[in-house]
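Biologist: I am new to this structure and would love a close look at one part of it. Could you pick a single strand and walk me through its surroundings?

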Amino acid sequence: ACLKSPSDRFISATLLDPLTVGSTKELNVKLLFICTHNRCRSILCEAIASQRGAGSLEAASAGSAPVEAVHPLTLRYLEERGYQTAGLHSQSWHDLEVFHPDRVVTVCDSAAGEICPLWMGEVEKHHWGLPDPSRVEGDEAAIRSAFMTVIDRIEDKVDEWLRECAA
């Protein structure tokens, strides 16, 4: 089934249960990635899932307390890996009420404990705790390495979802 974890159940950081409607696979699965400030991890997930999963996955991101701008290193390292960053911006989850996601995925621990808006209703909600590369201290090489490690994890997960959808 599409987007199934190896153990057929949700395990933190090993996403996800099948995304199906009845017995038919979803051809365009809508994912909403949530992180409190919507400036790094959720933005990385949105860009990678939308672009790498084009035609199968549609992604958006938002935060419960979004900030004014996306972290500049988020944009820098996405571009370095070949992802388009035009249009990426920090936004409130209230701005996405009309998006109607199939699944909401929190990617930071603080967002995982928050009460989701009523409009999310019965949407499947899962937590995938990713480390925050924007909080890494050190030289440029250490910070770049932290971003690349998180990007690698997201790419691997998106590729896994796409293989499962194709099966």
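Modeller: Happy to! Let's start with a right-handed β-α-β unit, made by strand E3, helix H1 and strand E4 in this predicted model. E3 covers residues 29-34, H1 covers residues 41-52, and E4 covers residues 57-62. The helix lies across both E3 and E4, and H1 runs at about 165° to E4.

Now let's stay with E3 and look at its two partners. With E4, E3 pairs in the parallel sense, and six bridges link the two strands. On another side of the story is strand E5, residues 103-106, which runs parallel to E3 and is joined to E3 by four bridges.

Isoleucine 34 is a nice residue to click on. Its bridge partner in E4 is alanine 62, while in E5 the bridge partner of isoleucine 34 is threonine 106. Phenylalanine 33 also has a bridge partner in E5, namely valine 105. As a general rule, side chains in a regular strand alternate between the two faces of the sheet.

Stepping back, E3 belongs to an open sheet of four strands in the order E4-E3-E5-E6, with parallel pairing. The edges are formed by E4 and by strand E6 (124-127), each of which pairs on one side only. On average, neighbouring strands of this sheet are turned by 25° against each other, direction ignored.

And how covered is E3 itself? Five of the six residues in E3 are buried, so the strand is mostly covered, with buried meaning under 20% relative accessible area.

Methods:
Residues are numbered from 1 along each chain as its sequence is written. This is a predicted model: local features need pLDDT of at least 70, side-chain atom pairs count only at pLDDT 80 or more; totals for chains, interfaces and linings use all residues. Side-chain values use heavy atoms; hydrogens and water are left out. Buried means under 20% relative accessible area, exposed over 50%, partly exposed in between (1.4 Å probe, protein chains only). Two strands pair if DSSP finds at least two bridges between them. A crossover is right-handed if, with the strands pointing away from the viewer, the path from the first strand over the helix to the second runs clockwise. Axes are lines fitted to C-alpha atoms, for helices over the stretch in contact, and angles run from 0 to 180 degrees between N-to-C directions. Contact means heavy atoms within 4.5 Å.
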